[in-house]
Amino acid sequence: MPFDLAARLAARRADNLYRQRPLLESPQGPEVVVDGQPLLAFCNNDYLGLANHPQVIEAWRAGATRWGVGGGASHLVIGHSSPHHALEEALADLTGRPRALLFTTGYMANLGAVTALVGQGDTVLEDRLNHASLLDAGLLSGARFNRYLHNDVRSLANRLEKATGNTLVVTDGVFSMDGDIADLPALARAAKAKGAWLMVDDAHGFGPLGAQGGGVVEHFGLSQDDVPVLVGTLGKAFGTAGAFVAGSEALVESLIQFARPYIYTTSQPPALACATLKSLELLRSEHWRREHLRGLIRQFRQGAEQIGLQLMDSFTPIQPILVGDAGQAMHLSQRLRERGLMVTAIRPPTVPAGSARLRVTLTAAHSEAQVQRLLDALADCFARLAKESSHA
Ligand SMILES: *Cc1c(COP(=O)(O)O)cnc(C)c1O
C-alpha cells in the first residue's frame with residue numbers, strides 16, 4: 001500500500017526519533033514560557049541576546065512605518081529596496097569583502113551559492129558533519145558529491161586529487177551540533193593548492209567569534225583569497241532573520257544571475273533589513289556581549305568537567321554534552337524540564353547514530369547564576385541516571 005504514513009510515523013516513534021515542536025509562548029530569551037510552563041532555556045542560537053533587544057525592535061517598527069511591511073516582489077523585479085541595499089553594504093564592510101548579497105534564509109543562501117557555482121562535470125567536497133542545507137545543496141547541484149572525514153585535511157586532500165571540473169570545498173565555520181571550528185587555514189591551503197574554492201558557512205561564528213564579531217574567518221585572519229565564498233546567517237547572533245553570501249564582485253554578480261533561490265523568491269521585508277542594520281551595529285560595537293559570553297562558556301566548561309560530564313572540543317557558545325543513546329538523551333532532557341530547565345536532546349539523523357547529546361547553547365543574555373542553576377541540575381540528573389543504570 002503506498003503512502004503508509006501511519007507505519008512510518010510509528011516506526012519513528014519506536015526508534016525514539018519522533019520530533020515534536022515545543023510551543024514558545026513568550027519572546028526569545030533565557031527565561032521563556034513553553035507549553036504553558038516557565039523555563040530557563042539553554043537552546044536558542046540568539047548568542048548575543050539581540051532577538052528581543054529594544055533598539056532592534058524599535059528599528060523594525062520605524063522601518064515598517066517608513067517602508068511598509070511586505071517586500072512585494074523579488075529582488076530582480078522591484079523588491080530590492082534601499083534598506084536591503086544598505087544592509088548588503090554594511091555586511092560587505094563587516095566581512096571585509098567587496099560585496100555581499102542578501103538571501104531570505106540561510107538554507108536558501110547555501111542552496112543558491114552551491115548550485116550557482118558547480119554543476120554537472122564539477123566536484124563538491126563537504127565535511128561529513130556539515131549542516132543539512134550544505135549537504136542538500138551539494139546533492140542538488142548535480143556535481144560529483146563527496147564527503148570527507150570531519151575536519152580532516154588529509155581526507156580532503158585525497159578527494160581533491162580525484163576531483164574534476166570546478167571544485168568547491170564546503171564547510172561549516174562552527175559545526176552546529178558539535179561546537180568545534182573548522183581548521184580553515186589548513187583547508188584553505190589544501191583547496192588553493194588544487195585550484196579549488198573554499199566556501200565557509202559561518203552561521204554560528206558571526207557574532208561570538210572574532211574581535212569585531214566577524215566570525216571564524218576574522219578569528220583566523222583569513223582573506224578573500226583563502227575563503228572566496230563566505231556565508232553568514234542573520235537568524236542566530238544577529239537576532240533577526242535572513243542570510244548573506246559575501247565575496248568578490250564577480251561572485252555576487254554570478255549569484256544574481258544564476259542562484260535560483262535568490263532569483264525566484266520575494267525579498268525579505270525591508271523593515272527586517274532595518275532591524276538587522278541595528279543589530280549589526282550592536283554586534284560590532286558592544287564588545288561586552290562577546291566578553292560576557294566567553295566568561296559563561298568558561299564557567300560552564302569548568303563546572304561540567306568537575307561533574308564529570310563528557311563535553312566536546314568547543315570554545316564556542318555551542319556546548320554539547322555527549323550522551324550516546326537517543327532514549328537516554330531524551331530522558332535527561334525530560335528530567336531537566338521537570339526541574340524547570342530546557343535543554344534540547346539532539347538525536348540521529350541530525351547527528352550520527354550513537355552520538356545523541358544534550359545541546360547546551362549559552363548566550364550573552366544568560367547570567368552566571370543561571371549557568372550555575374544549569375550545572376546544579378545537570379549534576380543531579382546525571383547522578384540519578386548513574387544510580388539507576390547501576391541498579392538495572
Ligand atoms: C541555521 C543554519 C543554517 C540555516 O540558516 P537559516 O537562516 O536558519 O535558514 C545554515 N547553516 C548552518 C550551519 C546553520 O546552523
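Where is Pro349 found? Pro349 sits in the loop between E12 and E13, and there a cis peptide bond links Pro348 to Pro349, with omega at about 5°. Keep in mind that you're looking at a predicted model. That loop is a handy place to start, since the strands on either side of it belong to a sheet we can walk through next.

Three strands make up this open sheet, in the order E10-E13-E12, and the pairing is antiparallel. Strand E10 (318-324) and strand E12 (344-346) are at the edges with a single partner strand each, so one side of each has no neighbour in the sheet. Neighbouring strands here are turned by 30° against each other on average, direction ignored. Take E10 and strand E13 (residues 356-361): they pair in the antiparallel sense over six bridges. If you'd like to find one of the matched positions, look at Pro320, whose bridge partner in E13 is Arg359. Then there's helix H14 (residues 326-338), which lies across E10, E12 and E13 and runs at about 35° to E13.

Now for the other sheet. Seven strands form it, again as an open sheet, in the order E3-E9-E8-E7-E6-E4-E5, and here the pairing is mixed. Which strands stand at the edges? They are strand E3 (99-103) and strand E5 (144-148); each has a single partner strand, so one side of each is left without a neighbour in the sheet. From one strand to the next, the twist averages 20°. A word on what holds such an arrangement together: strands of a sheet pair through backbone hydrogen bonds, either parallel or antiparallel. For a parallel case, go to strand E4 (residues 123-127) and strand E6 (residues 167-172), which pair over four bridges. Within that pair, Leu125 stands opposite Val169 in E6.

Two helices are worth tracing against this sheet. Helix H4 (residues 82-95) lies across E3, strand E8 (229-233) and strand E9 (243-247), at about 130° to E3. Helix H10 (residues 249-258) lies across E3, strand E7 (197-201), E8 and E9, and runs at about 25° to E3.

Next, the ligand. There are 14 residues around it, and Gly106, Tyr107, Asp201, His204 and Lys236 come nearest. Helix H5 (residues 106-117) gives the most to this shell, with three residues. Sorted by character, the shell divides into two nonpolar, nine polar and three charged residues. Zoom in on some individual distances: an oxygen atom of the ligand is 3.0 Å from a polar backbone atom of Tyr107. A nitrogen atom of the ligand is 2.5 Å from an N or O atom in the side chain of Asp201, and an oxygen atom of the ligand is 2.6 Å from an N or O atom in the side chain of His204. Taken alone the ligand exposes 380 Å², and the protein buries 82% of that.

Two more residues round off the tour. Arg284 is in helix H12 (residues 270-285). Which residues does Arg284 contact, leaving aside its neighbours within four places in sequence? They are Ala90, Asp93, Leu94, Gln212 and Arg290. Gln212 is 72 residues from Arg284 along the chain, yet their C-alpha atoms are separated by 5.1 Å. Finally, head to Phe3, in the segment before helix H1 (5-14). Phe3 has a positive phi of about 55°, although it is not a glycine.

Methods
Residues numbered from 1 in each chain as written. Predicted model: local features only at pLDDT ≥ 70, side-chain atom pairs only at ≥ 80, totals over all residues. Heavy atoms only, no water. Pairing = 2+ DSSP bridges. Axes fitted to C-alpha atoms, helices over the stretch in contact; angles between N-to-C directions. Contact = heavy atoms within 4.5 Å. Near = heavy atom within 4 Å. Polar contact = N/O pair within 3.5 Å; in protein donor to acceptor, adjacent residues only side chain to side chain. Areas by Shrake-Rupley, 256 points an atom, 1.4 Å probe, with all protein chains shown as cover. Nonpolar A, V, L, I, M, F, W, Y, C, P; charged D, E, K, R; others polar.
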